[in-house]
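Me: I should like a close look at one part of this model, namely how its helices pack against one another. Please give a connected account, and include the neighbouring loops and the pocket where they can be described.

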Amino acid sequence: MSHPPKKATAVAHPNIALIKYWGKREVERNIPAVGSLSITLDGLATTTSTTFDPGLTQEEFMLAGKEAPEMRRRVAECLNLVRSRTGTSGYALVESENDFPTAAGLASSASGFAALVVASDRALGSRLALSELADIARHGSGSAPRSLFGGFVELRLTPEGVHPTETRQVLEPSAWPLRVVVAVTDTGKKEVGSTQGMLLCERSSPYFGAWVESSPGDLAEALAAIQRRDFEALGDISESSCLKMHAVMLSARPGLVYWNEATVKCIHRVREMRAQGVPAFFTVDAGPQVKVVCLAEAVDHVATAMGEIPGVIQTSESGLGEGARVVED
Ligand code: PMV
């Protein structure tokens, strides 16, 4: 007897880390070397549909309507985990769309894998716990569990726990509605992907050990600043974590330079604005885009200032968003 296809669609938003994850404790299960803290954005979104279809003879993954073979292995790994934890079988067709540039330092993999596990779970009707979904999403991308949650999100290492990492919401979006201006300085694909970059840094940066050792303190400082709603303190520790991560990248052999000229101009401009009393700080991931976090009152000013910088192709504004959720089944 043949079964009809089972389909569900989920939406997830990218997140940006204020306290960064860089490095792997274990490659096999994709366990990060450090904990991290992020905010989930509402202005950008990934929509992913999973269809488990008995008529398929292999897994299929389409990104923006085109086959994306480079992602197929990681997508299949997540699907295998969903199937093994739910005792189901059968291949799936996964169709994913981003409303922002892919693989350019805007965490498209985070929102992509978060949406994938939520859609797959619903399509199979398995109702796995959020902690299980987070564990599965981590195999796709280390930052993906964070996009399962909204607002301020912490991912911590739990060497003694059921799962090696645990992800939780620290604050709801409405509890401290910060704004984010994303300044896009290059829409191309990054040259060195994050996994490759992390392994290179671990192997060759003399600063990698210090990075791992100092991370728990940074995380604690940021969590305390969030509890106090202390924007200045959060900005201070976030910029430090970002620059420290880039120092590790720059000190690898060969050094990883993810920035371009406009990236550096944006960083200086944010610091100038702050000196003039504008409540804003920057963060930059494994790519050349600059994300400026600010208080709501400053968002127009920040967006205009970023848009005027030579080399900034486009700016977008975001508030803090919700976690991944099913939109159709
Ligand atoms: O989850 P990945 O493999 O895309 O790595 C993310 C790494 C950074 O974006 C640079 C930092 C972070 O914590 O998001």
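Reply: Helices H2 and H3 are oblique to each other, because their axes pack at an angle of about 135°, a value that falls neither over 145 degrees nor within 65 to 115 degrees. The model is a predicted one. In it, H2 covers residues 108-124 and H3 covers residues 130-140, and the two axes lie 9 Å apart. The crossing of this pair is right-handed. On the H2 side the contact is made by Phe113, Val117, Val118 and Asp121, which meet Leu133, Ile136, Ala137 and Gly140 of H3. By class, these residues comprise six nonpolar, one polar and one charged.

The loop between H2 and H3 contains Arg127. Arg127 is not a glycine, yet its phi is positive, at about 50°. Most residues other than glycine have a negative phi.

H3 also packs against helix H1, which spans residues 69-86; the axes of H1 and H3 come within 8 Å and cross at roughly 155°. H1 and H3 are therefore roughly antiparallel to each other, since angles over 145 degrees are counted in that way. H1 passes H3 in a right-handed crossing. From H1, the residues Arg74, Glu77, Cys78, Leu81, Val82 and Arg85 take part, and they meet Glu132, Asp135, Ile136, His139 and Gly140 of H3. The contact of H1 with H3 divides into four nonpolar, two polar and five charged residues. Ile136 and Gly140 of H3 meet residues of H1, and Ile136 and Gly140 also appear in the contact with H2.

A further positive phi is found at Ala64, a residue other than glycine, where the value is near 50°. Ala64 is located in the loop between strand E7 (60-63) and strand E8 (66-67).

Another helix pair is formed by H5 (residues 208-228) and H6 (residues 231-250), whose axes come within 9 Å and cross at roughly 160°. That angle makes H5 roughly antiparallel to H6. The crossing of H5 with H6 is left-handed, whereas that of H2 with H3 is right-handed. H5 contributes Phe208, Trp211, Ser214, Asp218, Glu221, Ala222, Ala225, Ile226 and Arg228 to the contact, and H6 contributes Ala233, Leu234, Ile237, Ser241, Lys244, Met245 and Val248. The residues of this contact divide into 10 nonpolar, two polar and four charged.

Beyond H6, the loop between H6 and helix H7 (261-275) holds Pro254. The peptide bond from Arg253 to Pro254 is cis, with omega near -5°. Most peptide bonds are trans.

As for the pocket, the second largest one has a volume of about 290 Å³. Its lining consists of 15 residues, and those nearest its centre are Lys190, Glu191, Val192, Val257 and Tyr258. By class, the lining of the second largest pocket has seven nonpolar, four polar and four charged residues.

Note on methods
Residues are numbered from 1 along each chain as its sequence is written. This is a predicted model: local features need pLDDT of at least 70, side-chain atom pairs count only at pLDDT 80 or more; totals for chains, interfaces and linings use all residues. Side-chain values use heavy atoms; hydrogens and water are left out. On a 1 Å grid over the protein atoms alone, a cavity is a set of points where a 1.4 Å probe fits but cannot get out, and a pocket is an open set with protein on both sides within 12 Å along at least five of seven lines; lining residues have an atom within 4 Å of a point. Grid points are joined across faces, edges and corners, and a volume is the space filled by probe spheres set on the points. Ala, Val, Leu, Ile, Met, Phe, Trp, Tyr, Cys and Pro count as nonpolar, Asp, Glu, Lys and Arg as charged, and the others, Gly among them, as polar. Axes are lines fitted to C-alpha atoms, for helices over the stretch in contact, and angles run from 0 to 180 degrees between N-to-C directions. Helices (H or I, at least four residues) and strands (E, at least two) are DSSP runs, numbered from the N terminus. Angles under 35 degrees count as roughly parallel, over 145 as roughly antiparallel, 65 to 115 as roughly perpendicular and the rest as oblique. A crossing is left-handed if the near helix is turned anticlockwise from the far one by less than a right angle, and right-handed if clockwise. Contact means heavy atoms within 4.5 Å.
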